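Trainee: Please choose one part of this structure and examine it closely with me. I should then like to see how that part connects with its surroundings.

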Amino acid sequence: MHQDTVRGSAFAMPLTSPAYPAGPYRFRNREYLIITYRTDPQKLRDLVPEPLQVCEPLVKFEFIRMPDSTGFGDYTEGGQVIPVSFCGRRGSYTHCMFLDDHPPIAGGRELWGFPKKLASPTLRTETDTLVGTLDYGPVRVATGTMGYKHRAADLASVKASLAEPNFLLKIIPHVDGTPRICELVEYHLEDVHLRGAWTGPAALNLWSHALAPVAELPVLEVVSAVHLVADLTLALGKVVHDYLAEAEPRHRKGRNMNFTMISH
């Protein structure tokens with residue numbers, strides 16, 4: 001295979017049979033259960049990377065059903081998202097996500113930097129209750145419940161929250177194990193068609209696990225919950241902060257200009 005062919009066709013691994021197709025990635029009937037809760041503010045500050053700033057001691061635990069997604073198929077996701085601000089703009093930082101489908105794990109990590117790991121989340125309706133669960137292997141680490149469609153939510157407010165920027169910490173190692181890429185990435189949800197949104201009473205329980213440490217951000221009080229269904233496009237991202245570039249001036253000063261620049 002000629003080098004030009006490699007360069008022209010390389011966008012994901014493996015080269016001859018990529019784990020996921022090229023975007024854009026459209027989601028239809030994407031269903032969310034989002035439970036917002038109050039947590040320990042110091043624990044949040046310890047986990048959220050600068051230059052992001054914690055706005056309030058709040059966490060959103062999200063259970064998401066994606067039955068129809070371009071290239072990724074039918075899967076479910078669950079994890080924690082933290083409200084933050086960046087350069088005066090309010091948005092959300094994805095702290096951890098767990099899902100049950102390899103293509104969006106590979107694509108999410110490689111393209112955007114989503115902190116995705118393999119697990120077994122579910123989101124379903126049980127009689128009068130919307131139920132979200134997250135199991136890591138055989139161990140239950142999260143259960144969220146909400147009364148099913150008790151009250152209609154403010155659609156304008158929900159759509160505005162979906163339009164806010166989202167932030168990720170993308171880390172790709174070099175072949176020697178050092179970081180090759182360490183960047184803060186911003187992405188947006190586009191072409192959002194909100195099919196419906198509802199609120200109701202909710203509860204959330206988290207349990208400790210060595211490899212799925214969602215309970216490190218403890219539930220002190222459930223603040224609100226929303227159930228929504230939407231069609232949307234997951235847009236590609238842009239780099240808004242390069243941690244390695246920021247480190248180079250300090251490295252340069254400390255070594256008296258004698259250093260090897262990290263290749264990008």
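Mentor: Let us begin with a term: a residue is called buried when its relative accessible area is under 20%, exposed when it is over 50%, and partly exposed in between. Please also keep in mind that this is a predicted model.

The part I have chosen is N166, which lies in strand β11. Its relative accessibility is 13%, and because this is under the 20% limit, N166 counts as buried. What does the side chain of N166 meet there? One of its polar atoms lies 3.3 Å from the backbone oxygen of E164. If residues up to four places away in sequence are set aside, N166 touches S92, V185, E186, Y187, H188 and L189.

Two of these details lead outward to the pockets. The first is S92, a contact of N166, which also belongs to the residues that lie nearest the centre of the largest pocket, together with I34, K60, E62 and S161. This pocket holds about 850 Å³ of space, and 41 residues line it. By type, the lining consists of 23 nonpolar, nine polar and nine charged residues. Several elements supply at least two lining residues each, among them β1 (25–38), β5 (89–99), α4 (155–163) and β13 (189–199). Strand β15 provides six residues, the largest share of this lining.

The second detail is the strand of N166 itself. The second largest pocket has a volume of about 330 Å³. It is lined by 14 residues, and R109, F114, P115, L169 and I171 are the closest to its centre. Two or more lining residues come from each of β5, α3 (102–112) and β11. The largest share, four residues, is given by β11, the strand in which N166 lies. This lining divides into seven nonpolar, three polar and four charged residues.

Helix α3 deserves a short remark here, as it contributes to that lining. Its buried residues are P103, P104, I105, A106, G107, G108 and W112. Just after the helix, G113 takes a positive phi of about 100°.

Let us next compare N166 with D242, a residue in strand β16 (residues 238–242). Is D242 buried or exposed, or does it fall in between? With a relative accessible area of 22%, D242 is partly exposed, whereas N166 is buried at 13%. Polar atoms of the D242 side chain lie 3.0 Å from the backbone nitrogen of L244 and 3.1 Å from the backbone nitrogen of A245. For N166, by contrast, the backbone atom concerned is an oxygen, that of E164. D242 also has a partner far along the chain: E183 is 59 residues away in sequence, yet the two C-alpha atoms are separated by 4.6 Å.

The same accessibility terms help with the cysteines. How many disulfides does a search of the whole structure find? It finds zero. For C55, the nearest cysteine sulfur is that of C87, 13 Å away. For C182, the closest is also in C87, at 17 Å; since a disulfide needs two sulfur atoms within 2.5 Å, this is too far for a bond. C55 is partly exposed, at 27%, while C182 is buried, at 16%.

Finally, a few backbone features in the loops merit attention. A cis peptide bond, with omega of about 10°, joins G23 and P24, and P24 is placed in the loop between α1 (3–9) and β1. Another cis peptide bond joins E50 and P51, with omega of about 5°; P51 is found in the loop between α2 (41–47) and β2 (53–54). T127 is not a glycine, but it has a positive phi of about 55°. This residue is in the loop between β7 (120–126) and β8 (129–136), and its relative accessible area of 77% makes it exposed. K149, likewise not a glycine, has a positive phi of about 50°. K149 is placed in the loop between β9 (139–147) and β10 (151–152) and is partly exposed, at 36%.

To return to our starting point: N166 is buried, it touches S92, and its place is in strand β11.

Methods
Residues numbered from 1 in each chain as written. Predicted model: local features only at pLDDT ≥ 70, side-chain atom pairs only at ≥ 80, totals over all residues. Heavy atoms only, no water. 1 Å grid on protein atoms, 1.4 Å probe; cavity = no way out; pocket = protein on both sides within 12 Å on 5 of 7 lines; lining within 4 Å. Points joined across faces, edges and corners; volume = space filled by probe spheres on them. Nonpolar A, V, L, I, M, F, W, Y, C, P; charged D, E, K, R; others polar. Buried < 20%, exposed > 50% of the residue type's maximum accessible area, 1.4 Å probe, protein only. Polar contact = N/O pair within 3.5 Å; in protein donor to acceptor, adjacent residues only side chain to side chain. Contact = heavy atoms within 4.5 Å.
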